[in-house]
Amino acid sequence: MSKQKIVVLTGAGMSAESGLKTFRDANGLWEGHDVMEVASPQGFAKNPELVLEFYNQRRKQLLEVSPNAGHRALVELEAHFDVNIVTQNVDNLHEQAGSSHVTHLHGELFKVRSTVNENHVLDWKKDLVLGDLDDNGHQLRPHIVWFGEMVPMLETAVEITQQADILIIIGTSMQVYPAASLINFAPQPAPIYFVDPKPNVASSDFHNLTVIPKPATEGVPNLVAQLTDSLT
Ligand code: APR
């Protein structure tokens, strides 16, 4: 019998207990910055050094952190289910933990791309500065989807979500579109589990929704155990 398909949509809360700041919690990433200055094409055009330094700091921090029990539980899920992760996160903690199928909606910190060709992407773990050029002599930029830019992986993410037998949503405030709209593409019969200590949705908001008001390192392993036990 083929394995049931589980789609997992993750946000910054997934990585919070690994030590990476979320965006909108108290003391979050956006608290210290004007989003449009450090995460928009206009900001990059106006002050590229500021933007490059913002991502250099986050890239350095990512080199220091590790996956948490929530990331690891999602890997265990693969023993019994066909698991597809669709993440808003630009860290590589799902990959580090061993998840096999990860789609990044908002790009990846450990990649950079040409400023003139979004398909020219390079792996990059060190600082990125002005003068770091692609092989056609164009400035390189973070491979991050900035506010106001298209989300190239959106269609892929919708197609993945439409195949879900079960949808799990972890650690996202559901405030940024189009990522937040993915919940609407889960097939009607699919149960939806929402893991977040301060959930921004209520069980009554969506059909088949179960809210688990726990942090990822507690809520996700418990949910994985529950789903796995339900198979036996
Ligand atoms: N475990 C699970 N969830 C948590 C935890 C935790 N330990 N700590 C915080 N959270 C939850 C918060 O309650 C909140 O609902 O994680 C969510 C974080 O929300 P945001 O900071 O808005 O992050 P996210 O939803 O991922 O932001 C989406 O916005 O700024 C853009 O591109 C950026 O991808 C990002 C997008």
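Let me begin with a convention: Ala, Val, Leu, Ile, Met, Phe, Trp, Tyr, Cys and Pro count as nonpolar, Asp, Glu, Lys and Arg as charged, and the others, Gly among them, as polar. On that basis, the shell around the ligand comprises nine nonpolar, eight polar and five charged residues. Please note that what we are discussing is a predicted model.

I turn to the overall arrangement. The protein is divided into two parts: domain 1, made of 1–20 + 67–106 + 150–232, and domain 2, made of 21–64 + 107–144. Taken over C-alpha atoms, the centres of domain 1 and domain 2 are 25 Å apart. Contact between them involves 19 residues of domain 1 and 15 residues of domain 2.

Where, then, does the ligand sit with respect to pockets? The space that the ligand takes is the largest pocket. Around the ligand there are 22 residues, and the closest are F23, R24, T172, S173 and D196. Domain 1 and domain 2 each supply at least three residues to this shell.

Let me now consider individual polar atoms. A polar atom in the side chain of D196 is 2.6 Å from an oxygen atom of the ligand. The backbone contributes as well: a N or O atom of the A12 backbone lies 2.8 Å from a ligand oxygen, and for a backbone N or O atom of G171 the distance to an oxygen atom of the ligand is 3.3 Å. As for coverage, the ligand taken alone exposes 740 Å², and the protein buries 92% of that area.

To close, I return to two points: the ligand occupies the largest pocket, and the shell around it draws on both domain 1 and domain 2. Thank you for your attention.

Terms used: Residues are numbered from 1 along each chain as its sequence is written. This is a predicted model: local features need pLDDT of at least 70, side-chain atom pairs count only at pLDDT 80 or more; totals for chains, interfaces and linings use all residues. Side-chain values use heavy atoms; hydrogens and water are left out. A residue is near a molecule or strand if one of its heavy atoms lies within 4 Å of it. A polar contact is a pair of N or O atoms within 3.5 Å; within protein, one must be able to donate a hydrogen and the other to accept it, and residues adjacent in sequence count only if both atoms are side-chain atoms. Accessible areas come from the Shrake-Rupley method with a 1.4 Å probe; for residues, only the protein chains shown count as cover. On a 1 Å grid over the protein atoms alone, a cavity is a set of points where a 1.4 Å probe fits but cannot get out, and a pocket is an open set with protein on both sides within 12 Å along at least five of seven lines; lining residues have an atom within 4 Å of a point. A molecule sits in a cavity or pocket if more than half of its atoms lie within 2 Å of its grid points. Domain bounds come from an automatic or database domain assignment. Contact means heavy atoms within 4.5 Å.
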